[in-house]
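Me: I am a first-year student and would like a close look at one part of this structure. Please follow a single helix and its surroundings, and explain the terms as you go.

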Amino acid sequence: MSWHIQCAEDGCHARHRPDYPSHQCQKCGGLLEVRRDLNGLSGGAMRATWVERRLSNLPLDRSGVWRFRELVSFFHDAASVITLAEGRTPLLDAPGTGAWAGGVDLTVKHQGANPTGSFKDLGMTAAITRALALRVSVVACASTGNTSSSMAAYAARAGLRALVFVPAGKVAAAKLAQAIDLGAFIIELGENFDQAFELVRKASAELGLYLVNSVNPFRIEGQKTLAFELLEQRDWRAPDFIVVPGGNLGNVSAITKGLREISTLGLIQKMPRLVVIQSAGADAFCRLMTSGADELVPVAQPETEATAIRIGNPANWRKARRALIETQGLCESVSDEEIFEAKRALALEGIGCEPASAATIAGIRRLCAAGRIPPRADVVAVLTGHQLKDPDYVARHAAEIESGRRLQVEPTADALCGVVERILKASP
Ligand SMILES: *Cc1c(COP(=O)(O)O)cnc(C)c1O
Ligand SMILES: [Zn+2]
């Protein structure tokens, strides 16, 4: 399969050799993309192959990333792939939440069902496979939490050492516990992700660490398969909108790249519009898109309870801006209170997720209210992380959530009967 690495910047597009190790263009310093020539590929034939593989028990076919390997451009042989059966995540109807959000036809693609509980696994299987091909021995990332647990798992699987750089005290405890449990080294530094990221980005070049943040174009190759799996689950009927929370903006870039490719292959008839939802306290990208400015102005002190998107200076903003322009996409920011309410709406339908994921639903609600998403629109929200990623959040909001539903009684049969009778009488 012939592929190459190409600068993603308009006006540069410099080509780089497949063994080019850096994540930045040699010529202009921009971010890179992995490209393969789609000429000669038949969309219809691939579609049939992908369905056949769903019945296969080969590790590669059981992965929701590598099942689409014709389009994971740099794939060369099965033996060199590091996989934990990522992807294959459910697409769930959420009619109650859709009604709550403003009367849209809502489904959610739940990435919490991945091996380490977030969509980062789709990218990490690709990035760690690439790291092995480059014969590196140490991988590193700065992280708001989920990248670290994902990297720890895939690095362990590959026999690589893993260094995680996180802002001190600003990462959900469960995510750090995962990374530690899976054998990574944790280095806490700085106030926020942006500081940690800037430092590790510089240090990685000097120290020979292989960086697996979403500036790594191979991670994007894995994450873009979310679009393939989603469209396949919908029998290749494109939705009107695909909504994602925006942090470092790798995910929106990746999903749009995937859509672009299957659109070129004729597998979908229209491009869905991409929607990025940010937290009001970390909304540099939304401000950029609303103002029409040329350059992103970072938020110096990003603040939000949705720690996965607590990022002030998103590295992939240029790619993300192209994605929104190309798909006539939308951007919106939401408060922590709105995120909380959206998470409650999902919970009422039996769907748990972490706060950043619920930002999508809060954003849909706002966009519906403003008439920017029409009633009955066909909308897919990407729920990026698992409910158990952030139990502290639930504990902090215990009073609002439980409201009389958590009761302590004496350990006697009488007390137990009494309290159960009271509950059954009180609730409908
Ligand atoms: C990483 C992450 C995000 C943000 O994704 P980007 O690609 O950085 O925009 C959102 N939600 C969760 C749960 C995440 O782990
Ligand atoms: Zn360039």
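Reply: Let's start with helix α10, which contributes six residues to the lining of the largest pocket, the most of any element. Helices (H or I, at least four residues) and strands (E, at least two) are DSSP runs, numbered from the N terminus. This is a predicted model, in which local features need pLDDT of at least 70 and side-chain atom pairs pLDDT 80 or more, while totals for chains, interfaces and linings use all residues. Residues count from 1 along each chain as written, chains are lettered from A and ligands numbered from 1 in the order written, and side-chain values use heavy atoms, without hydrogens or water.

The largest pocket holds about 360 Å³ of space. On a 1 Å grid over the protein atoms alone, a pocket is an open set of points with protein on both sides within 12 Å along at least five of seven lines, a cavity is a set where a 1.4 Å probe fits but cannot get out, and lining residues have an atom within 4 Å of a point. Points are joined across faces, edges and corners, and the volume is the space filled by probe spheres set on them.

Altogether, 22 residues line the largest pocket. E33, R35, K257, R260 and E261 lie nearest its centre. Helix α10 has company here: β3, α10 and α12 (317-326) each bring at least two residues to this lining. Sorted by class, the lining has 11 charged, six nonpolar and five polar residues. Here Ala, Val, Leu, Ile, Met, Phe, Trp, Tyr, Cys and Pro are nonpolar, Asp, Glu, Lys and Arg charged, and the others, Gly among them, polar.

Where does β3 sit in its sheet? The order of this open, three-stranded sheet is β2-β1-β3, and its pairing is antiparallel. Both β2 (15-16) and β3 (32-36) are edge strands with a single partner each, so one side of each has no neighbour in the sheet. The partner strand, β1 (residues 3-7), runs antiparallel to β3 and is joined to it by five bridges; strands pair if DSSP finds at least two bridges. As one example, W3 stands opposite R36 in β3.

Now back to α10 and the strands on either side of it in the chain. From β10, the chain passes through helix α10 (residues 250-264) to β11, and this β-α-β crossover is right-handed. With the strands pointing away from you, that path from the first strand over the helix to the second runs clockwise. β10 and β11 (residues 273-279) run parallel, with five bridges between them; V244, for instance, has V276 in β11 as its bridge partner. β10 also pairs in the parallel sense with strand β13 (residues 378-383), this time over three bridges, and V243 stands opposite A381 in β13.

Is β10 buried or exposed? Five of the five residues of β10 (residues 241-245) are buried (under 20% relative accessible area, with exposed over 50% and partly exposed in between, using a 1.4 Å probe and protein chains only). The strand is therefore largely enclosed by the rest of the structure. Its residues point two ways: F241, V243 and P245 face one way, and I242 and V244 the other. In a regular strand the side chains alternate between the two faces of the sheet.

Just before β10 comes a loop worth a look. W236 lies in this loop, between α9 (225-233) and β10. Although W236 is not a glycine, its phi is positive, at about 65 degrees. Most residues other than glycine have a negative phi. W236 counts as buried, because its relative accessibility is 9%.

Finally, α10 also takes part in an enclosed space. A search of the whole structure finds three cavities of 30 Å³ or more, and the largest has a volume of about 290 Å³. It is lined by 27 residues, with F119, K120, G247, N248 and A308 the closest to its centre. Elements that supply two or more residues to this lining are α5 (146-158), α8 (217-223), β10 and α10. The largest share, three residues, again belongs to α10. This lining divides into 14 polar, 10 nonpolar and three charged residues. So the picture to keep in mind is of α10 linking β10 to β11, while giving six residues to the lining of the largest pocket and three to that of the largest cavity.
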